[in-house]
Amino acid sequence: GVIFDGEAPLSDSDAAREYAAAAYLLVSSGKDLVGDSAQSPSHWWRGFEEDLGAALGPRYSWQNLWRRDFAGGMSLVNPPEAGNLTVSLPAALIRVDGSVVNSISLSAGMGAVLRAPASLSGLACAPSEISAGASSHCLVGLQAPAPAGGVSVTLTSTNSLLQVPPSVLVLAGSSSVSFTANAGAVRYTQPASVT
């Protein structure tokens, strides 16, 4: 294992931290560390909490960058002696600062930790038919555990007589959340139809 650690003041920026984290992700087998003596519980870079899931293979050269793919995103590094590069990404990805990008520009000696947007694995309500005034227990599932900060899922009902919350929050580290759908005072059984 190795420790990726920079020397202040060059390592005291979020760009330097992201470079160290991206390089760590390129090579880590689970026995490596990123060191940053400027961090404390009250001064913490949120990028250290990114969880991209399991590595899908080793690092490889991609469009003159180093790249490693993970179940929940990718890591990119532009080596120190390289030129500035702008590349199109294979899909929209989320940067550590929360911005959604379709392309990325990296100067020499820069890296990026890119997270895939959360995707639903399913949404189901039981019972699937609700009588007037009754309710149904519904469950939203994600394909992978939610990252730091959680994932907000916007809900709508395709049935105007069914009341659902406008959104639910899947907490960090969890892959599901439940909510209740309520049928209004209607004259017949309603389908529990939520998107």
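Which residues of the largest nonpolar core touch the most other members? Before selecting anything, keep in mind that the structure on screen is a predicted model.

**First stop: the largest nonpolar core**

Begin by selecting Val140, Val153, Leu155, Val168, Val170 and Phe179, since these are the residues that touch the most other members of the largest nonpolar core, a set of 16 residues. If you then colour strand 11 (135–142), strand 12 (151–154), strand 14 (167–170) and strand 15 (176–183), you will have picked out strands that each supply at least two residues of this core. Strand 15 deserves a separate look, as its contribution of 4 residues is the most that this core receives.

Now centre the view on valine 153 and show what surrounds it. Apart from its neighbours within four places in sequence, valine 153 is in contact with Leu120, Val140, Pro166, Ser167, Val168 and Val170. From there, move to a second core, separate from the one just visited and made of 12 residues, where you can select Trp62, Leu65, Val87 and Ile104 among the members.

**Second stop: the disulfide**

Next, select cysteine 125 and cysteine 138, which are joined by a disulfide with an S to S distance of 2.0 Å; the count of disulfides in the model comes to 1. Cysteine 125 belongs to strand 9 (residues 120–126) and cysteine 138 to strand 11, so the bond ties together parts of the chain that are 13 residues apart in sequence. Looking along the S-S bond, you will find a torsion of about 105 degrees, so this disulfide is right-handed. Are the two cysteines buried or exposed? Cysteine 125 is buried, with a relative accessible area of 14%, and cysteine 138 is buried as well, at 0% relative accessibility.

**Third stop: the salt bridges**

How many salt bridges does the structure hold? There are 2 of them, and each can be shown by selecting a pair of side chains. For one, select arginine 95 and glutamate 18, whose closest N and O atoms are 3.1 Å apart. This pair links distant parts of the chain, 77 residues apart, with arginine 95 in the loop between strand 6 (85–94) and strand 7 (100–106) and glutamate 18 in helix 1 (residues 14–27). Arginine 95 has a relative accessible area of 18%, and because buried means under 20%, it counts as buried. Glutamate 18 is likewise buried, at 9% relative accessibility.

For the other, select aspartate 69 and arginine 67, whose side chains meet in a salt bridge with an N to O distance of 2.6 Å. Both of these residues, aspartate 69 and arginine 67, are buried.

**Last stop: a loop with positive phi values**

Finally, turn to the loop between strand 3 (60–62) and strand 4 (65–70), where glutamine 63 is placed. Most residues other than glycine have a negative phi. Glutamine 63, however, is a residue other than glycine with a positive phi, near 50 degrees. Asparagine 64 lies in the loop between strand 3 and strand 4 too, and although it is not a glycine, its phi is positive, at about 70 degrees. When you switch on the surface here, note that glutamine 63 is partly exposed, with a relative accessible area of 40%, whereas asparagine 64 is exposed, with a relative accessible area of 60%.

Definitions and conventions. Residues numbered from 1 in each chain as written. Predicted model: local features only at pLDDT ≥ 70, side-chain atom pairs only at ≥ 80, totals over all residues. Heavy atoms only, no water. Core = buried A, V, L, I, M, F, W, Y, C linked by side-chain atoms within 4.5 Å. Buried < 20%, exposed > 50% of the residue type's maximum accessible area, 1.4 Å probe, protein only. Contact = heavy atoms within 4.5 Å. Salt bridge = Lys/Arg side-chain N within 4 Å of Asp/Glu carboxyl O. Disulfide = S-S within 2.5 Å.
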